Amino acid sequence: MKYIIGNDHGGIDLVDSVEEKLLELGHEVEKVGTFTKESCDYSDFAKIACEKVLNKEADFAVLICGTGIGMSLAANKFKGIRAACVSETYSAKMSRAHNNSNVLCIGSRVIGSEVAKMIVEIFATTEFEGGRHLKRVNKIKEIEENN
């Protein structure tokens, strides 16, 4: 699988840990975020990453800002993106298993690098369960189509 990592200045401290974990798991990684702590806009990097997922240039994205919230808000504006803002492992698992999330959002001011690696590993190794959850995801798509 290929992952895009997008980050703003607030998320820069977790990028290397996330990349390291994804590479360890055997995934391809492309980074599209900033490489400095100079203030920038998270929405710019969410846009680049989400477009790559939607254009099938990547399978998933991990977006990192200070809290993960701004990235998730921006990412979820894209039709076809299901971004989950996660700060612990159970939600990471459920975002994939039940919601078929294709974008993981985390906050470097909320979690440390070891927790980030655990979250990323669970997100990357959990499959969508389908079944009754597919019906629910399809209802989300319907809402998206009608609004």
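## Exercises on a predicted model

At 4% relative accessibility, cysteine 65 is classed as buried. The model is predicted. The exercises below start from this residue.

**Exercise 1.** Work out why cysteine 65 is not bonded to the closest cysteine sulfur.

Solution.
- Step 1. Find the partner candidate. The closest cysteine sulfur belongs to cysteine 85.
- Step 2. Take the distance. The two sulfurs are 7.1 Å apart, which is too far for a bond.
- Step 3. Recall the cut-off. A disulfide needs sulfur atoms within 2.5 Å.
- Step 4. Widen the search. The structure has zero disulfides. Cysteine 40 is likewise in none, and its nearest cysteine sulfur, in cysteine 65, lies 10 Å away.

**Exercise 2.** Describe the surroundings of aspartate 8 and find its nearest side chain of opposite charge.

Solution.
- Step 1. Place the residue. Aspartate 8 sits in the loop that links strand E1 (2-7) to helix H1 (12-24).
- Step 2. Check burial and charge. Aspartate 8 is buried but has no salt bridge. The nearest side chain of opposite charge is arginine 109, at 6.5 Å. A salt bridge would need 4 Å or less.
- Step 3. Look for a backbone partner. The aspartate 8 side chain comes to 2.9 Å from the backbone nitrogen of glycine 10.
- Step 4. List contacts, leaving out residues up to four places away in sequence. Aspartate 8 touches Cys40 and Cys65, among others including Thr34, Tyr42 and Met71.

**Exercise 3.** Identify which elements build the largest nonpolar core.

Solution.
- Step 1. Count. This core has 21 residues. Val18, Leu22, Val62, Ile64, Leu104 and Ile106 have the most contacts inside it.
- Step 2. Assign elements. Those giving two or more residues are E1, H1, strand E3 (60-65), strand E5 (103-107) and helix H5 (113-125). H5 gives the largest share, five residues.
- Step 3. Zoom in on isoleucine 106. Beyond its neighbours within four places in sequence, its contacts include Val18, Val62, Ile64, Cys65 and Ile119.
- Step 4. Keep the other core apart. A second, separate core of 20 residues includes Ile4, Cys40, Ala49 and Ala61.

**Exercise 4.** Determine which residues of H1 are buried, and what covers them.

Solution.
- Step 1. Read off the residues. Ile12, Leu14, Val15, Ser17, Val18, Glu19, Lys21 and Leu22 are buried in H1.
- Step 2. Find the cover. It includes E1, strand E2 (28-31), E3, E5 and H5.
- Step 3. Follow the chain onward. After H1 comes glycine 26, with a positive phi near 90°.

Definitions and conventions:
Residues are numbered from 1 along each chain as its sequence is written. This is a predicted model: local features need pLDDT of at least 70, side-chain atom pairs count only at pLDDT 80 or more; totals for chains, interfaces and linings use all residues. Side-chain values use heavy atoms; hydrogens and water are left out. Helices (H or I, at least four residues) and strands (E, at least two) are DSSP runs, numbered from the N terminus. Buried means under 20% relative accessible area, exposed over 50%, partly exposed in between (1.4 Å probe, protein chains only). Lys and Arg count as positive and Asp and Glu as negative; His and the chain ends are not counted. A polar contact is a pair of N or O atoms within 3.5 Å; within protein, one must be able to donate a hydrogen and the other to accept it, and residues adjacent in sequence count only if both atoms are side-chain atoms. Contact means heavy atoms within 4.5 Å. A nonpolar core is a set of buried Ala, Val, Leu, Ile, Met, Phe, Trp, Tyr and Cys residues joined through side-chain atoms within 4.5 Å.
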